[in-house]
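Hi,

Here is the structure I promised to pass on to you. Have a look through it first, and then read my notes underneath.

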Amino acid sequence: GAPQPRVDTPFLCGFPGAFEIEINGQLVFSKLENGGFPYEKDLLEAVRRARNGEPLQRITNSRPPCAIL
């Protein structure tokens, strides 16, 4: 079968609220840039594209950050 994409979520120590997703070493989502977390459908689409050998695109949609009151 096709090689499985490598998905990483590196922890950026010292950067509160930082959350990034890399697929095969390419940054596809940054919470610091987008202000929230990615939608599951967008993330699954990025993984599908990587698995099929298609070019990856940055995920720019994000859900608003949650606030605990």
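Below is what turned up, going from the core to the charged pairs and then to the aromatic rings.

One thing to keep in mind as you read: this is a predicted model.

Let's begin on the inside. The largest nonpolar core has eight residues. They are Ile-21, Ile-23, Val-28, Phe-29, Ala-46, Ala-50, Leu-56 and Ile-59. Three elements each give two or more residues to this core: strand 2 (20–23), strand 3 (26–30) and helix 2 (40–51). As general background, nonpolar side chains in soluble globular proteins tend to be buried together.

If you want one core residue to click on, try Val-28. Leaving out residues up to four places away in sequence, Val-28 touches Ile-21, Glu-22 and Ile-23, and also Leu-56, Gln-57, Arg-58 and Ile-59.

Ser-30 is worth a stop too. This serine sits in strand 3. Is Ser-30 buried or exposed? Its relative accessible area is 1%, so Ser-30 is buried, the cut-off for that being under 20%. Setting aside neighbours within four places in sequence, its contacts are Phe-19, Glu-20 and Arg-58.

Now for the charged pairs. How many salt bridges does a search of the whole structure find? There are six, and I'll go through a few of them here.

Arg-63 pairs with Glu-40, and their closest N and O atoms are 2.6 Å apart. This salt bridge links distant parts of the chain, since Glu-40 is in helix 2 while Arg-63 is in the segment after helix 2, 23 residues apart. The two partners also fall into separate accessibility classes: Arg-63 is partly exposed at 28% relative accessible area, whereas Glu-40 counts as exposed at 52%.

Another salt bridge joins Glu-45 to Arg-48, with 2.7 Å between the closest N and O atoms. Both of these residues lie in helix 2, three residues apart, which is about one turn of the helix. Glu-45 has a relative accessible area of 34% and is partly exposed. Arg-48 is partly exposed as well, at 28%.

Arg-48 turns up again with Glu-54, where the side chains meet in a salt bridge at 3.2 Å, N to O. Glu-54 is partly exposed, with a relative accessible area of 28%. Put into a wider picture, Glu-45, Arg-48, Arg-49 and Glu-54 are linked in a network of salt bridges.

Last stop, the aromatic rings. The structure holds one aromatic pair. Its members are Phe-19 and Phe-37, whose ring centres are 5.1 Å apart. How are the two rings arranged, stacked or edge-to-face? Their planes stand at 65°, so the pair is edge-to-face, given that over 60 degrees is what counts as such.

Where do these two rings come from along the chain? Phe-19 lies in the loop between strand 1 (7–8) and strand 2, and Phe-37 lies in the loop between helix 1 (31–34) and helix 2, so the pair ties together parts that are 18 residues apart in sequence. Phe-19 counts as partly exposed at 25% relative accessibility, and Phe-37 also counts as partly exposed, at 35%. You have met Phe-19 already, as one of the contacts of Ser-30.

Happy browsing!

Conventions:
Residues are numbered from 1 along each chain as its sequence is written. This is a predicted model: local features need pLDDT of at least 70, side-chain atom pairs count only at pLDDT 80 or more; totals for chains, interfaces and linings use all residues. Side-chain values use heavy atoms; hydrogens and water are left out. A nonpolar core is a set of buried Ala, Val, Leu, Ile, Met, Phe, Trp, Tyr and Cys residues joined through side-chain atoms within 4.5 Å. Buried means under 20% relative accessible area, exposed over 50%, partly exposed in between (1.4 Å probe, protein chains only). Helices (H or I, at least four residues) and strands (E, at least two) are DSSP runs, numbered from the N terminus. Contact means heavy atoms within 4.5 Å. A salt bridge is a side-chain nitrogen of Lys or Arg within 4 Å of a carboxyl oxygen of Asp or Glu. Rings of Phe, Tyr and Trp (its six-membered ring) pair if their centres lie within 6.5 Å; planes under 30 degrees apart count as stacked, over 60 as edge-to-face and the rest as tilted.
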